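Work through the exercises below with the sequence and the 3D structure in view. Try each task before reading its solution.

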Amino acid sequence: MCGLSQIGAEEYDRNANLTKLSDMFKTFVAGILLGIAGAAAGLYYLPVVDQSREQSLIIVHPNLGNTETFYANVPTDRILIGAKSQQNPLPPGLQWPDDAEFANLRVELFKIRNAKDAVVGVASRMAANDEVPGDVVEWVLHLPARGSIYFSMQPEPEEGGHRVGQLQAGTREFGSLHGEISERWIADTTESDDAPAGRIELITALAALQADL
Amino acid sequence: MIKYLIALLFGMAVGAVVFLGLLYFNPLTTQQRLSPITVTDNEVVKLGYSAAVQDMLIYTNDGESRVDPHPAKVLQLWEAPIRKTRAMATVLTDSRGQAAGIGIKFWSDSESTNILNGQAIVDSVWHIYMPERGSLFVAQSENLWSYLREVVIPAYWSSADNWRGIWRGNITAGPGALGTASVAGGSGEFAGLRSEGVEALSAKAYSVELGPVAVEGELSIEIPSEELEASPDP
């Protein structure tokens, strides 16, 4: 009698342990499903890339599109001067190619700032004087959170010293726009020791292309 | 009760790993290997460059990434709005390996990145000047997922912290409908040009410390012939 009850108790314990293990396995499987769902939801809802944005300081003109001003402080915002005749290469250590075909080419890279002096993007300026293309001055402005714009400038400056260019192509928020840009050098007049030598001012005047009605 | 909680948490961790593994080995997210413009009858300008940082004229980033800027004293892009942007200037070569132009490339991590769909998107633009020919602007969305999956991540997994092999793929994923870049001409013989292009990478070695070691890039740009432009509309 005593032996039978002992066997029954062992059986009961074994069954209870198996039930516990089975429940734990079910919990583990539920955890796997939750993990898969959680990872999928996380990747779907949480942005992998979140670009930092500065306020776009755009002036809207009645019936004339809008203008936006960008600056590059010189020399502090200049990343590169690539030119064969450059005595002091920028950045130090730059080895600009000395091929003859690049003799009339000058390439510059800048950080560009908005009207509040906050860095908002990077830009390249290429100037060349070749037989086939003639005088070439071009800008590409790359604003990571907004898009890029490509301008071809008139080689000769206008009266007042500014140079004007036409928008050739744009991407993302600039993709459906047309317009122009003006480039002007503004020398620093503050005579402060830590002030830059001056700044390049770029003013874009862009408007949406008119849709066919 | 604690045991059940541990089982649940362990299951969730396993589930997350299983999901990431499925994403990583998903055979449906393969790279487009054939360029859509290889079948064109028009002239195709091919411009090559080395993606190894030491071969570039300059390369700069936020200064905190694993790949160091080059040269060492180049201005770094540390400000928040440009922290996820890289810039480079490089000599572009023609198909014979001769210098054909100077190319500036800006590329930024894109908010349209979607790992669930196998899209590691980068928005990039090229500003190219080819002496005696003219200038070009190439804008594209690049999908680097296959490059990351098959070259960069295996380099991190390797005990030697590098990857060696042969990998080639088109990285251009748009904005063209066939996964092509948009090309605009600015001056010289390219003035007024509107066309398409494709950028491809060919990798042989990648180092965790140095980034691309033996990686060649190639830009293929279709130049529509005047005959085609002048042909009457049927």
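The exercises cover strands, the contact between chains, salt bridges, aromatic rings and backbone angles.

The model is predicted, so local features need pLDDT of at least 70 and side-chain atom pairs count only at pLDDT 80 or more, while totals for chains, interfaces and linings use all residues. Residues are numbered from 1 along each chain as its sequence is written, chains are lettered from A and ligands numbered from 1 in the order in which they are written, and side-chain values use heavy atoms, with hydrogens and water left out.

**Exercise 1. Strand β9 of chain B**

Task: Find which strands pair with β9(B), and in which sense.

Solution. Step 1: Locate β9(B) at residues 181-188; strands (E, at least two residues) and helices (H or I, at least four) are DSSP runs, numbered from the N terminus. Six of the eight residues in β9(B) are buried, where buried means under 20% relative accessible area, exposed over 50% and partly exposed in between (1.4 Å probe, protein chains only).

Step 2: Look for partners, given that two strands pair if DSSP finds at least two bridges between them. Strand β6 of chain B (residues 134-143) runs antiparallel to β9(B), with six bridges. One place to see this is B:L136, whose bridge partner is B:G185.

Step 3: Turn to strand β10 of chain B (residues 194-207), which is also antiparallel to β9(B), over four bridges. Here B:A181 is opposite B:G197. Five residues lie between the strands of this hairpin, and B:G192 has a positive phi near 80° there.

**Exercise 2. The contact between the chains**

Task: State how many residues each chain gives to the contact and what area is buried.

Solution. Step 1: Count residues with heavy atoms within 4.5 Å, which is what contact means. Chain A gives 66 residues and chain B gives 64 residues.

Step 2: Take the buried area, the accessible area (1.4 Å probe) that two parts lose on being put together, summed over both. For chain B and chain A this is about 5400 Å², and carbon and sulfur atoms give 73% of the area.

Step 3: Count the salt bridges, each a side-chain nitrogen of Lys or Arg within 4 Å of a carboxyl oxygen of Asp or Glu. There are three between chain B and chain A. One of them links A:K111 to B:E79, with the closest N and O atoms 3.0 Å apart. Another has B:D123 and A:R172 at 3.3 Å, N to O. B:D123 lies in strand β5 of chain B (residues 121-130) and A:R172 in the loop between β8 (163-170) and β9 (177-187) of chain A, so this pair joins two chains. B:D123 is buried at 11% relative accessibility, whereas A:R172 is partly exposed at 40%.

**Exercise 3. Salt bridges within a chain**

Task: Find the partner of B:K46 and where the two residues lie.

Solution. Step 1: The side chain of B:K46 meets that of B:E218 in a salt bridge (3.8 Å, N to O).

Step 2: B:E218 is in strand β11 (residues 211-223) and B:K46 in strand β1 (residues 43-50) of chain B, 172 residues apart, and the pair links distant parts of the chain.

Step 3: In chain A, a network of salt bridges links A:R78, A:R106, A:E108, A:R125, A:R163 and A:E183. Within this network, A:R106 and A:E108 meet at 3.4 Å, N to O. A:R106 is partly exposed at 29% relative accessible area, and A:E108 is buried at 5%.

**Exercise 4. Aromatic rings**

Task: Decide whether the rings of A:F28 and B:F10 are stacked or edge-to-face.

Solution. Step 1: Rings of Phe, Tyr and Trp (its six-membered ring) pair if their centres lie within 6.5 Å; planes under 30 degrees apart count as stacked, over 60 as edge-to-face and the rest as tilted. The whole structure has 10 aromatic pairs over all chains.

Step 2: The centres of A:F28 and B:F10 are 5.5 Å apart and the planes are at 25°, so the pair is stacked.

Step 3: A:F28 lies in helix α1 of chain A (residues 2-45) and B:F10 in helix α1 of chain B (residues 2-24), so the pair joins two chains. B:F10 is exposed, at 51% relative accessible area.

**Exercise 5. Backbone angles**

Task: Which peptide bond is cis, with omega near 0°?

Solution. Step 1: The bond is the one from A:L90 to A:P91.

Step 2: A cis bond also joins A:V74 and A:P75, with omega about 10°.
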